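Here's a quick look at a two-chain model. Let's see how the chains fit together and what the cysteines are up to.

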Number of protein chains: 2
Amino acid sequence: MYVAVDAMGGDHAPGVIVEGAIEAARQPGIGIALVGAEAPIRDALARAPDLSQLDITVVSAADVVEMGEAAVQALRHKRQTSIRVATELVASGQAAALFSAGHTGATVLAARSALGLLDGVERPALATAMPTRRGVAVLLDVGANADCRPRHLVTFAIMGSVFAHVVLGIEAPRVGLLSIGEEASKGNVLVRKSHRLLEETGLPFFGNVEARDLYAGDATVVVCDGFTGNVALKVSEAMVEMIVGVLRETGAATDPSDMFRRRLDAAEYGGAPLLGVAGPCVVGHGRSSARAVRNGIVLAHRFATQSLVPRIEAELRRLRGSTS
Amino acid sequence: MYVAVDAMGGDHAPGVIVEGAIEAARQPGIGIALVGAEAPIRDALARAPDLSQLDITVVSAADVVEMGEAAVQALRHKRQTSIRVATELVASGQAAALFSAGHTGATVLAARSALGLLDGVERPALATAMPTRRGVAVLLDVGANADCRPRHLVTFAIMGSVFAHVVLGIEAPRVGLLSIGEEASKGNVLVRKSHRLLEETGLPFFGNVEARDLYAGDATVVVCDGFTGNVALKVSEAMVEMIVGVLRETGAATDPSDMFRRRLDAAEYGGAPLLGVAGPCVVGHGRSSARAVRNGIVLAHRFATQSLVPRIEAELRRLRGSTS
């Protein structure tokens, strides 16, 4: 089973991407299609002494969507971008899942257009697994949609619950709505309307979750618009970096970075699943390390073997049936 | 010069509030009017051995806005709430500034209605000083307005710049717009429209600031809607608490809490100034310690002595003049 990997996406592409792909391909059952500029990819591959034993193929793609580009324009004008070719491998069935650490907007757009959206999904969502005091929770959307409507947040809740259950092994996921106060009356217009709509679904809805309680872990699936979610995620990351910096400066006896990394670092999960498109996709951080890339590819592979997409589809159908 | 203090506001009121007020009153030139239920306030005051040397008066108010109440209803039905009586002391000139660690919504509403808004201000904003790698920056709005329009964010930028200059001593404040990408095309509808509008003002506009760069300190005044700002602030606080918890659990040699507190804790600043109302107001955290309360009261007093409000008013007038 192949994972299509955009080898050109990410701050340190293709070197770090290829390195992570090699590590992932050492795991049993994982084949990889590296998509991008052939020469540098093959150069990077040559560094693996066990290359002949790994199931890695290279698929050529001439163009790249640069981080500063507008996604719509880039995909319109460049026909052979690595992200487009990679998503088409999934659409045609040559690959079972996608991993990209490149331009998020372009990845979302390419995946939507090559794979299509699941029935009942108007907007796909990027989900992130985050550590809590009790284990782990899912936050979504963290960046696929800057502006959302209440019904989008309801779909996010359904998709996030399936992800939490199937992939993270959370027995009975509880849905929370990110807000600035616990009461139903608190929040912005989107949140207040979404609150009412979420109460009407068949989902176990916990209510509003204040940002300060995000890490408490009472709600295991927390939904929000992609602007707020992205800000929350990035602020957390920045805060961790700053604290690590402060501790280093002050010469703390223990280097805290190792301690944090296991529990707090995105590298552990390797990427954010893009939920709602008709194929398993994982979007990695632009600054992904080789280890994060490996984890992201393994995660994408797991989505395919665990039938995440058909299970989300079934749950969307079931809840639509129960409310209509 | 008196600071009116809502003695009943906050999780540990009135005990902690009175304690903080006593500490503040020990500073030269600071008088305090403690507003609330007389008996418990006087009990708490009796613990100060030097009470007779302090300039503290008690102003009776029978009601309290509880944390779970809706602000509008509470202020409508309870006529003698401590927050209303405290703001009226400022409106009548008996006090020069306000400090409250109580219900934020009720404080904002009471301050607006007793003091009024400055000319050109449609929405007041809560600002918070946050530590950066280079010093300090101001983030606003962090909770007064869950839904904002672009012109509100422009006013926040003006008010935040005056605050940064006058109170925080930042020589030439640079305005940033909190977003999920640096390019002007990134962000939600509000951010994209606000970006264009901010470019047209006479302010030194830095452009979009990603959440991950918030602590870098390139922009020293960062504006956003109150929902996003509140989430960003609370997520940061929660992250610090979680990391301190992790470090304690793992038995780190150094207790990190002291290290963090100086640079990261809200207690250092003691509260968020409410900018845009026609009088100096500081809103403290509900969980304020006595030290945070003292700092918040001192901050409110400083706003009055440094003529923060008239200077914001002058700057609003100046920029209105230059663009019309």
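What follows covers the ground rules, the symmetry, the interface and the cysteines.

## Ground rules

This is a predicted model, in which local features need pLDDT of at least 70 and side-chain atom pairs count only at pLDDT 80 or more, while totals for chains, interfaces and linings use all residues. Residues are numbered from 1 along each chain as its sequence is written, chains are lettered from A and ligands numbered from 1 in the order in which they are written, and side-chain values use heavy atoms, leaving out hydrogens and water.

## Symmetry

Chain A lands on chain B after a rotation of 180° with 0.1 Å of shift along the axis, at an RMSD of 0.0 Å (least squares on C-alpha atoms of residues with pLDDT of at least 70 in both). The two copies are thus related as by a two-fold rotation axis. Both use the same surface, as 100% of chain A's contact residues recur in chain B (contact: heavy atoms within 4.5 Å).

## Interface

About 4,400 Å² is buried between chain A and chain B, with 73% from carbon and sulfur atoms (accessible area lost on being put together, 1.4 Å probe, summed over both). Ile180(A), Phe227(A) and Met242(A) supply 16% of what chain A buries there, more than any other three residues.

Salt bridges between the chains come to zero (Lys or Arg side-chain nitrogen within 4 Å of an Asp or Glu carboxyl oxygen). α8(A) gives the most to chain A's side, with 17 residues (helices are DSSP runs, H or I, of at least four residues, numbered from the N terminus).

## Cysteines

There are zero disulfides over all chains (sulfur pairs within 2.5 Å). Why no bond for Cys224(A)? Its closest cysteine sulfur, in Cys148(A), is 8.1 Å away, too far for a bond. Cys224(A) is also buried, at 3% relative accessibility (buried means under 20% relative accessible area, 1.4 Å probe, protein chains only).

Terms used. Buried means under 20% relative accessible area, exposed over 50%, partly exposed in between (1.4 Å probe, protein chains only). Buried area is the accessible area (1.4 Å probe) that two parts lose on being put together, summed over both. Helices (H or I, at least four residues) and strands (E, at least two) are DSSP runs, numbered from the N terminus.
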